[in-house]
Amino acid sequence: MENKVTVKIYGQEYTITGDKPEETIIKIAEYVDNKMRLISRVAGEAGGNIGILSAINIAEEYFDALSQVEQLGIAKAQLENDSKYYLKMWEDAKSNYAKYQESVKSMKNLQKEESSKIEELQAKCSEYENSFFDLQMENIRLKSEIEKLRG
């Protein structure tokens with residue numbers, strides 16, 4: 001939808017037709033008017049062609065803004081890459097933590113099994129000690145009987 005707006009720039013009326021809303025066209029015209037008036041005040045009588053000086057000034061602002069947009073785009077891309085990197089690190093850390101938790105659980109189960117085996121071995125050792133003691137006593141008794149029979 002084309003809008004037709006009459007605006008006043010640096011004392012002259014212009015009819016501007018454009019796709020932008022009327023408020024935007026008026027805002028742009030006011031910006032150009034203000035820029036021309038500023039340049040007129042700064043340049044004074046020496047500024048013979050206020051329109052060209054204003055256009056150059058506005059073009060400079062435009063290219064500065066383009067440069068800033070480009071720098072922001074580069075910074076945005078870097079931030080996106082950094083975010084991806086840190087998200088990957090976070091996911092790796094979560095995965096490693098889960099593996100660690102599973103490993104700890106596995107070790108605790110293994111420790112329980114080994115503790116149970118140790119208890120069984122200690123019980124067998126105790127049983128063997130008792131058997132050994134009984135055999136020693138039997139041996140002493142038999143030696144004593146042999147001594148009695150020899151003697």
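Residues are classed as buried under 20% relative accessible area, as exposed over 50%, and as partly exposed in between. By this scale Arg141 is partly exposed, because its relative accessible area is 38%. The structure described here is a predicted model, and the paragraphs below treat its salt bridges, its helix packing, the loop around Tyr10 and the nonpolar surface in turn.

The count of salt bridges in the model comes to eight. One of the salt bridges is formed by the side chains of Arg141 and Glu145, with a distance of 2.3 Å from N to O. Arg141 and Glu145 are four residues apart in helix H2, so about one helical turn separates them. Glu145, like its partner, is partly exposed, with a relative accessible area of 37%. Glu138, Arg141 and Glu145 are joined into one network by salt bridges that share partners.

Helix H2 holds further pairs of this kind. The side chains of Asp92 and Lys88 meet in a salt bridge with an N to O distance of 2.9 Å. These two residues are four residues apart in helix H2, and Asp92 and Lys88 are therefore separated by about one helical turn. For Asp92 the relative accessible area is 35%, which means that the residue is partly exposed. A salt bridge also links the side chains of Lys117 and Glu114, at 3.9 Å from N to O; this value falls within the 4 Å that the definition of a salt bridge allows. Lys117 and Glu114 are three residues apart in helix H2, a spacing that again separates them by about one helical turn. Both members of the pair have intermediate accessibility: Lys117 is partly exposed at a relative accessible area of 45%, and Glu114 counts as partly exposed at 36%.

The packing of the helices was examined next. Helix H1 comprises residues 22-43, whereas helix H2 spans residues 50-150. The two helices pack at an angle of about 115°, and their axes lie 9 Å apart. H1 is therefore roughly perpendicular to H2, and H1 passes H2 in a right-handed crossing. Lys27 is located in helix H1 and is exposed, with a relative accessible area of 62%. Between the C-alpha atoms of Lys27 and Lys148 the separation is 132 Å, for two residues that are 121 residues apart along the chain.

Val32 is likewise placed in helix H1, and its relative accessibility of 24% makes Val32 partly exposed. A long step in sequence connects this helix residue to Tyr10: Val32 and Tyr10 are 22 residues apart in sequence, while their C-alpha atoms are 8.4 Å apart in space. Tyr10 is found in the loop between strand S1 (3-9) and strand S2 (12-18). The phi angle of Tyr10 is near 55°, a positive value in a residue other than glycine. With a relative accessibility of 32%, Tyr10 counts as partly exposed.

The nonpolar surface was considered last. Tyr62, Phe63 and Leu66 make a nonpolar surface patch of about 330 Å². Of these residues, Phe63 lies in helix H2. Phe63 is exposed, because its relative accessible area of 53% is over the 50% that the class requires.

Terms used:
Residues numbered from 1 in each chain as written. Predicted model: local features only at pLDDT ≥ 70, side-chain atom pairs only at ≥ 80, totals over all residues. Heavy atoms only, no water. Patch = residues over 30% accessible without salt bridge, like charges linked within 9 Å, V, L, I, M, F, W, Y side chains within 5 Å. Areas by Shrake-Rupley, 256 points an atom, 1.4 Å probe, with all protein chains shown as cover. Buried < 20%, exposed > 50% of the residue type's maximum accessible area, 1.4 Å probe, protein only. Axes fitted to C-alpha atoms, helices over the stretch in contact; angles between N-to-C directions. Parallel < 35°, antiparallel > 145°, perpendicular 65-115°, else oblique. Left-handed = near helix turned anticlockwise from the far one by under 90°.
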